[in-house]
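Visitor: Please show me the structure, and allow me to ask how its descriptions are justified.

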Amino acid sequence: MADTDEPEKKRRRVVELTGKMVVDGGSGHTCEWEGRWNHIKKFLERSGPFTHPDFEPSTESLQFMLETCKILVIGAGGLGCELLKDLALSGFRNIHVVDMDTIDVSNLNRQFLFRPKDVGRPKADVAADFINRRIPGCCVVPHFKKIQDLDETFYRQFHIIVCGLDSIVARRWMNGMLLSLLVYEDSVLDPGSIIPLIDGGTEGFKGNARVILPGMTACIDCTLELYPPQINFPMCTIASMPRLPEHCIEYVRVLLWPKETPFGDGVILDGDDPEHIQWVYQRSLERAADFNITGVTYRLTQGVVKRIIPAVASTNAVIAAACATEVFKIASSAYIPLNNYMVFNDVDGLYTYTFEAERKENCSACSQVPLDLHFSPSSKLQEMLDYLTESASLQMKSPAITATIEGKNKTLYLQSVASIEQRTRPNLSKTLKELGLTDGQELAVADVTTPQTMLFRLCFTS
């Protein structure tokens with residue numbers, strides 16, 4: 001209790017000495033002082049050579065930012081901490097943050113909202129407490145949850161959503177959620193249903209920031225080819241000739257976990273569950289010892305399982321600043337937002353450029369028509385599954401395929417539930433014709449990369 005009381009006592013003492021702070025109308029927060037928003041007013045209350053052509057200087061933009069605009073930050077890690085700080089200091093007070101992780105010691109070198117005493121606590125809770133305590137008048141609401149645990153009603157309340165994620169799957173799911181919120185009237189998109197998505201990403205000394213207007217500009221799935229493919233080790237190396245500590249960890253992740261099911265049938269390995277990582281770590285150590293391989297550590301194990309790329313604090317700061325600037329431009333309408341992709345690289349010197357990513361007419365996420373799947377009647381269902389997972393434009397993780405056959409909805413294959421996977425596994429070796437599928441058949445495919453079920457049309461080739 002003393003830890004939270006002390007800053008407030010100091011702040012009250014400053015108020016007594018300077019008389020410059022005033023109490024925010026009825027909330028009890030000391031949040032305004034003379035000249036606090038002068039730097040913001042310079043952008044909002046006067047015109048300039050770079051302002052938006054339709055921009056009209058006024059005091060209303062600042063009031064909208066301070067009192068009305070509601071921002072959602074997804075992720076409270078390296079990018080998320082920077083984003084929360086930048087947004088709060090820029091005048092955004094109504095902020096929500098979602099993160100499912102807890103704080104690890106390894107986070108402390110760059111995620112500056114956390115302290116050693118916070119290790120083990122939820123990142124969202126600690127980050128919100130820190131910002132609320134440090135920046136008067138700001139109200140950050142934490143959600144210690146997965147983004148998939150929150151529904152449409154939750155996401156629909158925000159004016160702008162900012163992503164600071166380290167997962168392509170999570171980005172695609174969020175992209176799909178915002179696309180599902182779009183409203184079309186006579187095939188015409190209602191602009192009022194669009195929630196802008198600002199997405200930032202970093203990989204070591206490289207990063208990017210992009211602005212996505214769902215239904216209007218290129219979405220995440222339109223540009224899947226831009227994301228680097230995950231590194232997959234040859235199965236023969238993993239199983240028979242491991243040479244690296246990563247090979248040992250992959251062996252446990254790919255082969256031992258589904259075979260031994262240490263936490264029960266159907267339980268998927270969760271890279272954010274300490275018990276799961278500890279099990280993989282211990283078994284990886286045993287595997288490494290058998291082949292006289294050194295270098296298996298808990299941190300490496302988590303990195304391999306979660307496909308983590310080392311983070312650099314300065315890159316996070318640059319990309320978060322770029323994202324926060326785009327939020328400010330969209331919220332205030334003072335400047336033209338980024339169109340629509342910015343690349344940053346300081347591996348060797350400093351290099352940055354922008355380009356316009358274009359929408360794909362046949363994007364699996366944002367196009368309004370079912371996509372065609374071209375296979376011969378003699379193709380196996382396994383071939384279709386491989387295409388859905390390996391295609392650069394789809395990159396699904398564990399697709400579940402269903403179809404209406406002879407008036408009945410039939411699950412052709414589902415991987416995520418062990419009992420159903422076992423029952424539908426024989427279908428993988430059957431031909432599409434043997435499964436009763438016909439030319440023009442509509443297939444529904446569900447996957448963890450999107451909250452929506454995607455529709456495909458089967459087109460038989462000769």
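Guide: Just after helix α9, T261 takes a positive phi of about 35 degrees. This is a predicted model, in which local features need pLDDT of at least 70 and side-chain atom pairs count only at pLDDT 80 or more, while totals for chains, interfaces and linings use all residues. Residues are numbered from 1 along each chain as its sequence is written, and side-chain values use heavy atoms, with hydrogens and water left out.

Visitor: What makes α9 a helix, and what span does α9 reach?

Guide: A helix is a DSSP run of H or I with at least four residues, a strand is a run of E with at least two, and both are numbered from the N terminus. Helix α9 covers residues 245-260, which is 16 residues. The expected span is 1.5 Å times one less than the number of residues; for α9 that gives 22 Å, and the helix reaches 21 Å from its first C-alpha to its last, close to expectation.

Visitor: Where does α9 bend?

Guide: The bend is about 30 degrees, at V252. Such a bend is the angle between axes fitted to the seven residues ending at a residue and the seven starting there.

Visitor: Why is F154 called buried?

Guide: Buried means under 20% relative accessible area, exposed means over 50%, and partly exposed lies in between (1.4 Å probe, protein chains only). F154 has a relative accessible area of 9%, and is therefore buried. This residue belongs to helix α6, residues 152-156. Leaving aside residues up to four places away in sequence, F154 touches L72, H96, V98 and H143, where contact means heavy atoms within 4.5 Å.

Visitor: Which helices do the buried residues of α9 pack against?

Guide: They pack against α8 (235-240), α10 (274-290) and α11 (298-306). Among the buried residues of α9 are P245, Y251 and W257.

Visitor: How do you know that β13 and β17 pair?

Guide: Two strands pair if DSSP finds at least two bridges between them. Strands β13 (residues 371-375) and β17 (residues 454-460) have 5 bridges, in the parallel sense, and therefore meet the definition. One partnership joins D372 to R457 in β17. Along β13, L371, L373 and F375 point to one face and are buried, whereas D372 and H374 point to the other and are not.

Visitor: What is the order of the strands in the open sheet?

Guide: The order of its 5 strands is β13-β17-β16-β14-β15, with mixed pairing. The edge strands are β13 and β15, each pairing on one side only.
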